[in-house]
Amino acid sequence: MAANTSISLASLDFDTLKSELKTFLSSQSAFKDYDYEGSNMNVLLDVLSYNTFMNAFYLNMTTAEMFLDSAQLRSSVVSHAKELNYTPRSRRSAVAVINIDIPTSNAVTISIPKGTSFIGGNINGNYTFTTDRTLVLSSGDLTFNVANLHIYEGSYVQDSFVMNYDDTTQKFTLLDPNIDTNSLVVVVSENNGADVTEFLSVQNTYGLNGNSSVYFLQTDIDGRYQIMFGDGVLGRRPLNGSVINAEYRTCSGELANDINTFSLE
């Protein structure tokens with residue numbers, strides 16, 4: 001193509017691209033007498049214009065996704081955020097603080113297990129709130145009173161994985177995208193259950209060694225969270241064949257706000 005061509009390199013419009021191609025071809029001695037509107041040449045120009053338009057669009061979008069400032073896809077933004085050691089925040093469970101009076105005729109102690117469910121409703125519907133730990137209560141007058149008990153919207157689920165060193169592409173991806181990561185508890189069972197260790201979440205590698213029982217959290221391309229373990233130098237790597245149990249609470253986020261009355265489910 002001649003260096004002094006009049007084709008606009010800045011245009012992404014299909015009709016403009018086709019018009020510029022006609023202008024260029026008509027300036028060439030071999031094509032100056034063609035009827036570009038009423039001949040097969042018109043079809044070829046449509047193909048060229050379409051191909052040019054699609055390539056320009058693709059390259060423009062690809063280039064935009066390469067930078068944090070111009071990226072539009074969440075997966076691209078999350079990928080760039082990893083370079084800044086930033087993990088996008090998950091949903092957060094709505095929290096309620098309640099008081100409970102439990103009358104009984106013969107018990108000296110009672111237990112309120114972790115995950116005990118309460119129901120509350122607002123204009124968005126009914127939601128389940130659960131306790132985040134087990135409480136053991138004692139009473140001398142057979143009436144048990146619990147003050148300022150924190151309950152959290154959502155229910156607990158558990159994902160299990162088996163560490164397999166033969167699978168070099170293995171990922172530990174949490175299945176439910178509605179996780180509240182503050183509730184995540186990762187427990188690793190090794191040596192056929194003889195050794196059970198809770199791994200703690202960390203944000204960086206400062207102070208870690210090969211014996212640090214920690215895990216890192218990052219988001220996958222589809223927005224779900226992944227658990228990552230150390231490499232044996234910065235963070236301990238679970239033994240091959242160990243069972244990894246990840247328990248967490250799934251929630252509805254801000255939809256469960258503004259609930260004032262609860263009943264035991």
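The dialogue below goes through salt bridges, a sheet, one serine and a surface patch in a predicted model.

Colleague: What kind of model is this, and which pLDDT applies to local features?

Modeller: This is a predicted model, in which local features need pLDDT of at least 70 and side-chain atom pairs count only at pLDDT 80 or more, while totals for chains, interfaces and linings use all residues. Residues are numbered from 1 along each chain as its sequence is written, and side-chain values use heavy atoms, with hydrogens and water left out.

Colleague: How many salt bridges are there, and by what rule?

Modeller: A salt bridge is a side-chain nitrogen of Lys or Arg within 4 Å of a carboxyl oxygen of Asp or Glu. By this rule the count is seven. One of them pairs D46 with K18, with the closest N and O atoms 2.6 Å apart. D46 lies in helix α2 (residues 41–65) and K18 in helix α1 (residues 14–26), so this pair ties together parts 28 residues apart in sequence. Helices (H or I, at least four residues) and strands (E, at least two) are DSSP runs, numbered from the N terminus.

Colleague: Is K18 buried or exposed?

Modeller: Buried means under 20% relative accessible area, exposed over 50%, and partly exposed in between (1.4 Å probe, protein chains only). K18 has 12% relative accessibility, so K18 counts as buried. D46 is at 28% and therefore counts as partly exposed.

Colleague: Which residues does D180 join in a salt-bridge network?

Modeller: D180 forms a salt bridge with R92, the closest N and O atoms being 3.3 Å apart. Since D180 lies in strand β9 (residues 179–190) and R92 in the loop between α3 and β1, the pair ties together parts that are 88 residues apart in sequence. D180 is buried at 3% relative accessibility, whereas R92 is partly exposed at 24%. D180 also meets R249 in a salt bridge of 3.2 Å, N to O. R249 lies in strand β13 (residues 243–250), so that pair ties together parts 69 residues apart in sequence. R249 is buried, with a relative accessible area of 4%. Salt bridges that share partners thus join R92, D180 and R249 into one network.

Colleague: In what order do the strands of the open sheet stand?

Modeller: Strands of a sheet pair through backbone hydrogen bonds, either parallel or antiparallel. Here two strands pair if DSSP finds at least two bridges between them. The open sheet has seven strands in the order β7-β13-β9-β10-β11-β12-β8, with mixed pairing. β7 (155–162) and β8 (172–173) stand at the edges with a single partner strand each, so one side of each is left without a neighbour in the sheet. Two bridges join β8 to β12 (residues 225–229), and these strands run antiparallel. F172 has I227 in β12 as its bridge partner.

Colleague: What does S90 touch?

Modeller: Contact means heavy atoms within 4.5 Å. Not counting residues up to four places away in sequence, S90 touches I179, D180, T181 and Y225. The side chain of S90 reaches the backbone oxygen of I179 at 3.3 Å. S90 is found in the loop between α3 (74–82) and β1 (95–103), and is buried at 6% relative accessible area.

Colleague: Is L84, in the loop between α3 and β1, buried or exposed?

Modeller: L84 is exposed, at 60% relative accessibility. Together with L68, V77 and Y86, L84 makes a nonpolar surface patch of about 380 Å². Such patches are made of residues with over 30% relative accessible area and no salt bridge; like charges are joined within 9 Å and nonpolar side chains (Val, Leu, Ile, Met, Phe, Trp, Tyr) within 5 Å. Accessible areas come from the Shrake-Rupley method with a 1.4 Å probe, and for residues only the protein chains shown count as cover.

How values were computed:
Polar contact = N/O pair within 3.5 Å; in protein donor to acceptor, adjacent residues only side chain to side chain.
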